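Welcome! Take a moment to look over the model below, and then we can walk through it together.

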Amino acid sequence: MTKIFVDGRPFDVPENQSMLQACLTLGFDLPYFCWHPALGSVGACRQCAVKQYRDEKDSRGRIVMSCMTPVAEGVRISIRDAESVSFRAAVIEGLMQSHPHDCPVCDEGGECHLQDMTVMTGHAYRRYRFSKRTFRNQNLGPLVNHEMNRCIQCYRCVRYYREYAGGHDLKEFVLRNLVYFGRQNDGVLENEFAGNLVEICPTGVFTDKTLKQHYTRKWDLQLAPSVCVHCGIGCNTSPGERYGTLRRIVNRYNGEVNGYFLCDRGRFGYEFVNSPERLRQPRLQKGGQGETADGPVALVHARKLLDGGKVIGIGSPRASLEANFALRTLVGQERFFAGVEDEEHRLTARMLEILRSGLARSPSLGEIEKADAVLVLGEDVTQTAPRMALSLRQSVRQQPFELVDKLQIPRWLDHAAREAVQDAKGPFFVAAPHPTKLDDVAAATYRASPDDLARLGFAVAHAIDSSAPDVPQLTDGVRALAGRIAEALKNAKRPLVVSGPSLKCEALIQAAANVAWALCRAGKPAALSFTAPECNTLGLGLMAARPLGEAQQALKSGEADTIVILENDLYRRAPREQVDALLASARHLIVLDYLETSTTHKAEVVFPSAPFAECEGTFISNEGRAQRAFQVYVPEGGIRAAWQWLRDLLIASGANGAAAWQGVDDVLKTLAGSLPAFSAVPQAAPSAAFRMAGEKVAREPHRYSGRTAMHANINVSEPKPPDDPESPLSFSMEGVSEQPPPALIPFFWSPGWNSIQSVNKFQQEIAGPLRGGDPGVRVIEPAKPTEPDGPAGPDGNARADFLGAPPAVFEPQPDRVLLVPIYHVFGSDETSQRAPAIRELTPKPYVALDSEAARRFGLNDGDLAEVAVNGAVERLPVKVRDGMAAGVAGLPVGLPGIENCRLPAWARITRP
Amino acid sequence: MLSSEEREEIEREFAHYPTKEAVCIDAMKIVQRRRGWISDESLQDIAGLLGMSVDEVDGVASFYNLIFRKPVGRHVIMICDSVSCWIMGYEKLRTQLTSRLGIKMGETTPDGRFTLLPIVCLGACDHAPVMMIDNETHRDLDPEKIDAVLEKYT
């Protein structure tokens, strides 16, 4: 800690930060534009000027930029000094010369950093009376809107997009007062994290184009703390609602998880909630016709179907813990099946076992960002766990930072630090069957079939620790690469291995674990991160469900005759014929879901369940972090949370214990009591009984307008706001005026800080944890070794013996290719692909061939090819994608049209 | 498509710099010397050759006022409009030029002979007002001298 003086008052602040950051941490309102906690200081905008004094006798001082001035012992500054105050006002006045007076029609209005800073500096009267410079705007695609006239040239957009997110198609053009930020030509922004421009831009140049379709001011939104459901990472979000539809999602800061940024799938995938394909009333199948019914009628009907007692339940990795557990309770542990492909189920179990019994810890994204040597083994992270890719991209700065430190350049002095290291990057290795978007920061890439990728992993582990299994028949090149990777990981302070189930290859997962464990055995605090395909893959995985493949058996053997399917489209999980056979052999089929799917079409009874924004739920992320998503609004129609439908079925079936389940707290309590893996889950968020000064936390900002009038077309009397006995939040603008605990923050706002940057006021220190700790509770930790080099075993002691054995060498075939799955950030996820903006960016099905393979099969880019795989023949256009591993081709999975195809698999590709 | 001479000349520059991107300005000067200006197509070709995005190359191109992103005439007149030349009669010079050529600042004559552009300081204030045509500086100008100067350029 260092002592500084601000306006004569002494403060103790941490070292290694700028004066601006220190002042903001201390709670001072000091305006800024070009600085951003994730981007550091460049001193471009001159907005954060303060007076610095030599010593206590110095009364003249000099103006300095607080963002460029390091904190140091005894530094004296003044924020209130008259000259600095007028300097800051003059800077704003200059910026405002060309800023349009269009706040009333600007989407940023009401949550605009420029508005806030303008008010803060007191520049309230415009003297400039001349014409302003104007620009032509660009169409940047369906996600981000562009309005260049509002630009104040802070350069944050290009610094974020290019330097932080690694994009190349956004740039500054021209010079002087005509500086233009955009693309060379109109077109979709290529980076998967472009949506963050909406929050990075301090004004309304980049705004959310999906919000524009149903615009609502921030203060008119009803919001709740939520968790993204579009992959396994579990980014924290704030979805906002008005008039019963979801309007947008913004980032909800969590220092350990998503920090300041989301991926575009997570930010813009929400519109599936507003889809016309939503199920809103229970539906009964009668004589081949679907008929809507009231809840009680449907429940009575469903109960009759369950009467025989021979019921199996199929859970879902996209349903909450509460819903899965309620189903498990309804059908019994023995009859609860995992609603995922069997191979995925097996791999999930394997990953959980490795993370819970092994030596290496699964890192948070915050820790991933700080890793200083990384091996990515068999994952295209940008497509399978997008937000993690953004963290990995930052990790390559860690080792070069040592040079920056040696030169005594503060790390936060961004351009000086970048200039010092030039293009130097820390050791980062990507091994994947095809090129990935992280290759540009990789020290080396390795392209091979899944088995050969695993062999590389085994070789790395062996190179680190010779007691790990050796890899026979390794080529010199691969052995040298393995040696290089091993060396880099061994020499690192915080090495990281990333892998996952995407290639459906157990050997890859074992190899990744072996590498991490070999490092741990060598005394390195190695981290091991597995991606998870869906938002609750690990939660479902911890419930010890039976594999889906056994469900058919259960029906055939007469063990069961009725199926209850929870929020799951089985047609995405298994081949059509198998699902058809499974569903046909059931006498009765009950489905709970929020969207119409091929599975709901077959159901005898459909219960409309609530997606993430319409009910509470707890999810376990790939890190092993249990996080609560709160209900944002009360949906119209007969929609209820899946666990509530299931509870009512339980009660109707005579299980009176379920009557005690009044809210998710009660369900989680039972869950925690019956399955030890979940014992910490109730701590993910405060219970429904939580109050501050006797009050709940308001979901609506206190300026929420029109409450008395917004339903006047229905009834002129203002309706009573809905009660929410299930959570400590209220559907109202009335509530506690202090800052709620971190897990309950519906939105960031602080007096004078209307933009998302108000998060400054909620953090213990700027860019650090939220006050009270970052939300979520880790439920997956490695077992502690009983002794330092302790014995291994699944009995609670950390195991250190190495797993598996390297697979045989992959042999490319002249007449066939190994078809591997290719994932798409836009398209491979089931729910977000039903959001119109995401759908626009979803590729059409294709088969990806290397140009060499294409030549061999006599095919050109765009030609139709016949792909014979898994006993079926598909006609797909060829996409020539260079850099694919030899003997390997790719098929995009999860896209509409290719929902289920078991990959990897050998395929024959021919010209039709 | 870049001609093979252009490509070779650009590639020769690679040896002088640690990275390909650093050749960006030289590459555009090479292409502009042969073609007079940098078209969108040239921009793409240069970007491809240097491993940059077209946005990045245009960011550089549009920053420099001597890289032309629109076609220019056979000869480019740059007339200095900074303070010394302004004191010494820049405005009269400009009036003479625009009326003789029949174009406004920033335009090209219909016969493609001249493009007229402003420039800030040619470093010859002691001989103000000045203008530059192609690579030649014309000093101590006055409206009467303009015709004689222009005649030299066909």
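## A buried charged pair

Let us start inside chain A, where A:Asp724 and A:Arg699 are both buried. These two residues form a salt bridge, and their closest N and O atoms are 2.8 Å apart. Both partners sit in the loop between strand 28 (697-698) and strand 29 (729-730) of chain A, so the salt bridge ties together parts that are 25 residues apart in sequence. Please keep in mind as you read that this is a predicted model.

Why might such partners be found together? Side chains of opposite charge can pair when their charged atoms come close.

## Pairs within helices

Two further salt bridges each lie within a helix. A:Asp414 pairs with A:Arg418, with 3.2 Å between the closest N and O atoms. Both residues belong to helix 15 (residues 414-421) of chain A, where they are four residues apart, or about one turn of the helix. A:Asp414 has 3% relative accessibility, so it counts as buried, the limit being under 20%.

In helix 16 (residues 450-464) of chain A, A:Asp452 and A:Arg455 are three residues apart, which means that about one helical turn separates them. Their salt bridge has its closest N and O atoms 3.8 Å apart, and both A:Asp452 and A:Arg455 are buried.

## The wider count

Over all chains, the count comes to 68 salt bridges.

## Chain A as a whole

Stepping back, chain A contains 25 helices and 36 strands. Its C-alpha atoms fill a box of roughly 90 × 80 × 60 Å along the principal axes. The radius of gyration of chain A is 28 Å, which agrees with the value near 29 Å for a compact globule of 912 residues.

Of those 912 residues, 64% count as buried. Among contacts in chain A between residues at least 6 apart in sequence, 73% join residues at least 24 apart.

## Where chain A meets chain B

How many residues of each chain are in contact with the other? Eleven residues of chain A touch twelve residues of chain B. Together the two chains bury about 930 Å², with 50% of that area on carbon and sulfur atoms. A:His168, A:Leu175 and A:Gln184 supply 49% of the area that chain A buries against chain B, more than any other three residues.

One salt bridge is counted between the chains: A:Arg162 pairs with B:Glu56, and their closest N and O atoms are 2.9 Å apart. On the side of chain A that touches chain B, strand 7 (residues 171-173) gives the largest share, three residues. That side divides into three nonpolar, two polar and six charged residues.

Technical notes
Residues are numbered from 1 along each chain as its sequence is written. Chains are lettered from A and ligands numbered from 1 in the order in which they are written. This is a predicted model: local features need pLDDT of at least 70, side-chain atom pairs count only at pLDDT 80 or more; totals for chains, interfaces and linings use all residues. Side-chain values use heavy atoms; hydrogens and water are left out. Contact means heavy atoms within 4.5 Å. Buried area is the accessible area (1.4 Å probe) that two parts lose on being put together, summed over both. A salt bridge is a side-chain nitrogen of Lys or Arg within 4 Å of a carboxyl oxygen of Asp or Glu. Helices (H or I, at least four residues) and strands (E, at least two) are DSSP runs, numbered from the N terminus. Ala, Val, Leu, Ile, Met, Phe, Trp, Tyr, Cys and Pro count as nonpolar, Asp, Glu, Lys and Arg as charged, and the others, Gly among them, as polar. The radius of gyration is taken over C-alpha atoms; the globule rule is 2.2 Å times the number of residues to the power 0.38. Buried means under 20% relative accessible area, exposed over 50%, partly exposed in between (1.4 Å probe, protein chains only).
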